Amino acid sequence: MQWNTSLYDAKHSFVTKYGEDVLALLAPKAGERILDLGCGTGHLTQQIAAAGATVLGLDSSPEMIEAARREYPSLEFVLADATTFAVAEKFDAVFSNATLHWVKPPQAAVKRIADALKPAGRFVAEFGGTGNVAAIRKAVRSAFHEIAGEDKPDVYYFPSVGEYATLLEQHGLEVQAAWLFDRPTLLEGDDGMTNWIKMFSAGMLRGATTDQINRATAIAERTLRTSNYQDGKWIADYRRIRIVAIKK
Ligand code: BEZ
């Protein structure tokens, strides 16, 4: 999918802001080599570098990599796919924020992550967990059904802790901590839900025409007013899975 990096940074800066909690869990140290998997526009990559680590930002979106290189020209960014990338030199840590729910098959990404780590290297990640944005997904799919008379498949990977921990263990990563938690997320402005759906539902509405997307978004927004609009504010029903694992 094509990313609008300006809309991403202007209206969805919470992605980076919440990522700072995951960064605290990573605790990057000076001299470490760290891979930022799904670096997006590079703001967290920059924070890892500011801790004195040598960091490589990797993303599969040409628009994101271009924006990151423009904003942080002194940092290294590479356009690559999380399921196929290979590294010349292994890393002390792989960090990933708000990315792995896009990546399929997840087995391939976990294999690449495990291969990219030095022994005792750490994998610290957060992404959408089971039940993530359930109300929004339901409303968008049902709106699309209403206007087009067909169902769109659910495209994201939102695992449970048990499922993901098992996958990590199968690839030689020992899970030291794992969380699944609700994180209701405030969306900016009265058009917050419309912007969110347009930005993040492209995968769900793949193949739909612009007119269908606009109509489905308007219907879904109306439905979600009863569940996701409180005190004049739009809330996305995020649920996050957060993981710390070590390569054995
Ligand atoms: C998320 O960050 O939770 C998310 C992103 C895109 C689609 C669905 C959820």
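Which residues does Thr 217 touch, not counting residues up to four places away in sequence? Select Thr 217 and you will find Thr 194, Ile 197 and Lys 198 in contact with it, where contact means heavy atoms within 4.5 Å.

Before going on, a word on the model: it is predicted, so local features need pLDDT of at least 70 and side-chain atom pairs count only at pLDDT 80 or more, while totals for chains, interfaces and linings use all residues. Residues are numbered from 1 along each chain as its sequence is written, and side-chain values use heavy atoms, with hydrogens and water left out.

**Stop 1: α9 and α8**

Thr 217 lies in helix α9. Helices here are DSSP runs of H or I with at least four residues, strands are runs of E with at least two, and both are numbered from the N terminus. Thr 217 has 2% relative accessibility and therefore counts as buried; buried means under 20% relative accessible area, exposed over 50%, and partly exposed in between, with a 1.4 Å probe and protein chains only.

Now show α8 together with α9. Their axes come within 9 Å and cross at roughly 130°; the axes are lines fitted to C-alpha atoms, for helices over the stretch in contact, and angles run from 0 to 180 degrees between N-to-C directions. That makes α8 oblique to α9. Angles under 35 degrees count as roughly parallel, over 145 as roughly antiparallel, 65 to 115 as roughly perpendicular, and the rest as oblique. The crossing of α8 and α9 is right-handed: the near helix is turned clockwise from the far one by less than a right angle, whereas anticlockwise would be left-handed.

To light up this contact, pick Met 193, Thr 194, Ile 197 and Lys 198 on α8, and Asn 214, Thr 217, Ala 220, Glu 221, Leu 224 and Asn 228 on α9. Staying on α8, notice that seven of its nine residues are buried, Trp 196 and Phe 200 among them.

**Stop 2: α6 and the largest core**

Next, add α6. The axes of α6 and α9 come within 8 Å and cross at roughly 135°, which means that α6 is oblique to α9. This crossing is right-handed too. Residues in the contact include Ile 136, Ala 139 and Phe 144 of α6, and Ala 216, Ile 219 and Leu 224 of α9.

Which residues have the most contacts inside the largest nonpolar core? Select Ile 136, Trp 196 and Ile 197, which hold that place in a core of 29 residues. A nonpolar core is a set of buried Ala, Val, Leu, Ile, Met, Phe, Trp, Tyr and Cys residues joined through side-chain atoms within 4.5 Å. At least two residues of this core come from each of α2 (14-26), α6 (134-148), α8 (192-200), α9 (210-228) and β8 (233-247). Color a second, separate core of 27 residues differently; Leu 56, Leu 58, Val 94 and Leu 117 belong to it.

Back at Ile 136, leave aside neighbours within four places in sequence: its contacts are Met 193, Trp 196, Ile 197, Leu 224, Asn 228, Ala 236 and Asp 237.

**Stop 3: α5 and its cover**

Move to α5 (residues 106-116), where the buried residues include Val 110, Arg 112 and Ile 113. Their cover includes β1 (33-37), β4 (91-97) and α7 (161-170). With α7 shown, look for Pro 106, Gln 107 and Val 110 of α5 meeting Tyr 164, Leu 167 and Leu 168 of α7. The two axes come within 9 Å and cross at roughly 45°, so α5 and α7 are oblique to each other.

Then step back to the loop between β4 and α5, where Pro 105 is found. A cis peptide bond joins Lys 104 and Pro 105, with omega about -5°.

**Stop 4: Thr 45**

Thr 45 sits in helix α3 (residues 43-50) and is buried, at 0% relative accessibility. Its side chain makes a polar contact with the side chain of Asp 36 at 2.7 Å. A polar contact is a pair of N or O atoms within 3.5 Å; within protein, one must be able to donate a hydrogen and the other to accept it, and residues adjacent in sequence count only if both atoms are side-chain atoms.

**Stop 5: two loop residues**

Finish with Val 133 and Asp 231. Val 133, in the loop between β5 and α6, has a positive phi of about 40° although it is not a glycine. Asp 231, in the loop between β7 (229-230) and β8, has a positive phi near 50°. Is each of them buried or exposed? Val 133 is buried, with a relative accessible area of 1%, whereas Asp 231 is exposed at 78% relative accessibility.
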